[in-house]
Amino acid sequence: MKKISKLALFAVLLYSANAGAQGKWYTRNGKINFFSETSAENIDASNNEVFSLLDQDKNEVAFQVLITGFKFSKALMQDHFNENFMETSKFPKATFQGVIADPSKVDFTKDGDYNVNITGNLTMHGVSNKVTIPAHIHVADKKIAGESKFDVKLADYKIKVPEIVTQQVSDKVAVSVNCQYEPYAR
Amino acid sequence: MRFISTAVLLLLSKIIFAQDSLSQMLDQEVNKEIKGKKQYSYATFKGTHLVNSRTIETLGKHELDFRVSHRFGDIAGDYGGEKNFFGLENSTDIRIAFDYGITDRLTVGVSRAKGATAVRQLYEASLKYKLLRQTDDNSMPITVTAFTNAVASSMASNIKANTPDHFESFADRMSFASQLLIARKFSDRFSLMVMPTWIHTNYVIHNDQNDVFAAGIAGRLKLTNRMAIIADYFKVFRNSNSIASFKENGLKFYNPLGIGVEFETGGHVFDFTFTNSTAILENQFIPYTTTSWTQWRFRWGFNLSRIFSLKKSK
């Protein structure tokens, strides 16, 4: 009798613990691209190791990306990006934590395409800014895809462009994010 | 009793778990992922050379480095001073080089140098391969690169026998430098390198050495993101026989010491340097530096590098 109640309690606790992971979606290979365009030079970089969690019940999202994961077509640019612009050894990550500002516009349980706004804190180069970015959510076959395009002004994050390369580096870069979420199994 | 404690423990773990915010959960996932992954140190040095020495750096795949180096005449002393504007009106050596990255680890190069000893009109072919890479978690604490070159002189042979430029065959025109470059990036600001070196010269005059060994040490200290102090020094090991023989002809060997300031401007690296050595290639400045800092026989020099990326961007 004692043994059974013990087992039952254990099962109940286990179930409730697992319930915490339900309604959450996860990816560790989301993609971020950024693009800087000037008349002198176009610079593009991509990172295929974006970590993200999405909580469909609380309408929360979280992103993390390692700065060293950004790959440039030119190796020299990558060194400059890490050493001079992002100071990667001091600030190894960029993060975003936000909530869906208009949760009524999205139904994660129903297949479809939804356009929402996400408000939250974008942190990079040691500087946090409150931003609102548009996102497109695609729900199909029990999977969720998220997509977003927005601009980042370098000055907002105290990323200094040396005078000598202002011709080559735009003061504003276009960022695009693309994540394919799977159900989160802890 | 044990039952209760188990239940409390489980309950506690549940509470702790429930308090995790989404970003904390993500933190855990990311940290788990990073742990197993190696991150390699980057930019131990800026570019493939310091003042006189090479560095452990190889070019990125499909990158082309165009490099011009210049050494002027003695600043002062018997051969310098106002009469040749502190050496600036003389050039002891000039080198023009192209290096290309076959892979991120293998760089090949060709160069032409004026040459600063009796042997001039030098053509160089070189290979550089990065053997080991320093990792951020220090499971590999150093970066090791192997370098080797072959240098041939195209000058007319001196008809006088027992002179350094008396060539009886093509092989007599050749010399080789081989180095193991071992460096550690100690911090974002400071990197240090040691360089065991072997110079082989196919043809040397009587009592000179075909093989000369040297131990080099070099460092770079970043002052700002764009400016650094660079220095390198080679302790040259010559046998007493060759030292005595050259002394009879009034020549004394010195260890080459170079000090410079390095400016980096996104794609360009410019080194403004001082060194007592006159030659630019290892094959000459390691065995044959006969000018000393102490007699004002050092000189201005510069190295200029421009890197072109030949990879098509998407």
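## Strands E1 to E3 of chain B

B:Phe98 stands opposite B:Val110 in E3(B). This pairing belongs to a predicted model. E3(B) covers residues 106–113 and runs antiparallel to E2(B), with seven bridges joining the two strands. The connection from E2(B) to E3(B) is a hairpin of four residues.

E2(B), residues 91–101, also pairs with strand E1 of chain B, residues 63–72. That pairing is antiparallel and extends over nine bridges. One of the positions involved is B:Phe72, whose bridge partner in E2(B) is B:Ser91.

## B:Thr278

B:Thr278 lies in a loop of chain B, between strand E11 (268–275) and helix H4 (282–285). The residue counts as buried because its relative accessibility is 16%, under the 20% cut-off.

Beyond its neighbours within four places in sequence, B:Thr278 is in contact with B:Arg71, B:Thr92 and B:Asp93. Its contacts also include B:Ala116, B:Thr291 and B:Arg299.

## B:Leu257

Strand E10 of chain B spans residues 257–264 and contains B:Leu257. With a relative accessible area of 27%, B:Leu257 is partly exposed, since that class lies between the 20% and 50% limits.

Residues up to four places away in sequence aside, B:Leu257 touches B:Asn52, B:Asp232, B:Tyr233 and B:Trp293, among others. The same list includes B:Phe274, B:Thr275 and B:Asn276. B:Phe176 is 81 residues from B:Leu257 along the chain, and the C-alpha atoms of the two are separated by 21 Å.

Notes
Residues are numbered from 1 along each chain as its sequence is written. Chains are lettered from A and ligands numbered from 1 in the order in which they are written. This is a predicted model: local features need pLDDT of at least 70, side-chain atom pairs count only at pLDDT 80 or more; totals for chains, interfaces and linings use all residues. Side-chain values use heavy atoms; hydrogens and water are left out. Buried means under 20% relative accessible area, exposed over 50%, partly exposed in between (1.4 Å probe, protein chains only). Contact means heavy atoms within 4.5 Å. Two strands pair if DSSP finds at least two bridges between them.
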